[in-house]
Amino acid sequence: MTEKELRIKIINCYKTLESRGLGQGTSGNVSVRNGDIMLITPSAVPLQVIKEEMISIVSIKGPADFKGPMRPSTEWRFHRALYQRGDVGAVIHFHSPYATALAMTRQPIPASHYSIAAFGGSSVEVADYACYGTAALAQNVVKAMDKRVACLIANHGALVVAETIEAALARAEMLEALAKYHVISLQIGGPVLLSDADIQETMQANASYKFGVD
């Protein structure tokens, strides 16, 4: 896939986040890996005016240099840190209502629904709070994402990774749906949690299922 095609995919994903209620204004950021670099949305640019040439380039290996007419998203540090993993091809950070509400109250999502297994374990953890855009926040995110493909970020929002931007977007929608189910269940007495064995069984079933494809 060419760099131009990847830039178009980033912009389309960024716009889709708002159209599907996962973000608004300039909140959130999207990146994809392209070899030893990542392409990432620029800082503080509304989706109504974002263009292909505004997408920033940041080195993944070596010095964290960036290229482009605009600075990369302030959250480029945790995007870059996550690309050090071998399984990440795209990163989406977003501020959807239910996931963000849980992040604001610093509540992880436990095994209240079997789909939690799609995120790598029996919970979606909350990364400890640190000021946005800092190296400290990047460290906290990496810790919360250990053996996971999603996390909440304390008093901030949510984050997902995947091999492709399409799979990451599907995962972001699934995380918000799961957060919504969990919040509603808390309002009617609280969920009955699944066991670790239940989650392991689901993870084994998921091994033959291609995420984002029915």
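**Cysteines, an open sheet and the helix packed on it**

C13 is buried, with a relative accessible area of just 3%. In this predicted model, C13 has its closest cysteine sulfur in C151, 17 Å off, which is too far for a bond. Seen from the other end, C151 is in no disulfide either, the sulfur of C13 being its nearest at 17 Å. C151 is itself buried, and its relative accessible area comes out at 0%. A search of the whole structure turns up 0 disulfides, where a pair of cysteine sulfurs would have to lie within 2.5 Å to count.

C151 leads on to the sheet, since it sits in strand β7. The sheet is an open one of 8 strands with mixed pairing, and its order reads β4-β3-β2-β1-β5-β8-β7-β6. At the edges stand β4 (66-67) and β6 (126-127); each has a single partner strand, so one side of each goes without a neighbour in the sheet. For β6, 2 bridges make the join to β7 (residues 150-153), and this pair runs parallel. V126 faces L152 across that pairing, while A127 has I153 as its bridge partner. Getting from β6 to β7, the chain passes through helix α4 (residues 135-144), and the resulting β-α-β crossover is right-handed.

What happens to the side chains of β7? A150 and L152 point one way and C151 and I153 the other, and all of them are buried. On to β8, then: 4 bridges tie it to β7, here in antiparallel fashion. I153, already the partner of A127 in β6, also stands opposite G157 in β8. The hairpin made by β7 and β8 has 3 residues between the strands, and in it N155 adopts a positive phi, near 55°.

Next comes the helix that lies against this part of the sheet. Which strands does helix α3 touch? Helix α3 (residues 97-104) packs on the sheet through contacts with β7 and β8 (157-162), and its direction makes an angle of about 60° with that of β7. Four residue names make up the buried set of α3: A99, T100, L102 and A103. Looking down the axis of α3, these buried residues fall within an arc of 160°, so they line one face of the helix. That fits the usual geometry: an α-helix has 3.6 residues a turn, so residues three or four places apart point the same way. The cover over the buried residues of α3 includes β7 and β8, along with helix α5 (165-187). P97 and M104 are exposed, on the other side of α3.

Just after α3 comes R106, with a positive phi near 55°. The loop between α3 and β6 then holds S115. Is S115 buried or exposed? S115 is buried, with a relative accessible area of 7%, which puts it under the 20% cut-off for that label. Setting aside neighbours within four places in sequence, S115 makes contact with M174 and L178. The loop runs on to β6, the edge strand with its single partner.

Definitions and conventions: Residues are numbered from 1 along each chain as its sequence is written. This is a predicted model: local features need pLDDT of at least 70, side-chain atom pairs count only at pLDDT 80 or more; totals for chains, interfaces and linings use all residues. Side-chain values use heavy atoms; hydrogens and water are left out. Two strands pair if DSSP finds at least two bridges between them. Contact means heavy atoms within 4.5 Å. Axes are lines fitted to C-alpha atoms, for helices over the stretch in contact, and angles run from 0 to 180 degrees between N-to-C directions. Buried means under 20% relative accessible area, exposed over 50%, partly exposed in between (1.4 Å probe, protein chains only). The arc is that of the directions from the helix axis to the C-beta atoms. A crossover is right-handed if, with the strands pointing away from the viewer, the path from the first strand over the helix to the second runs clockwise.
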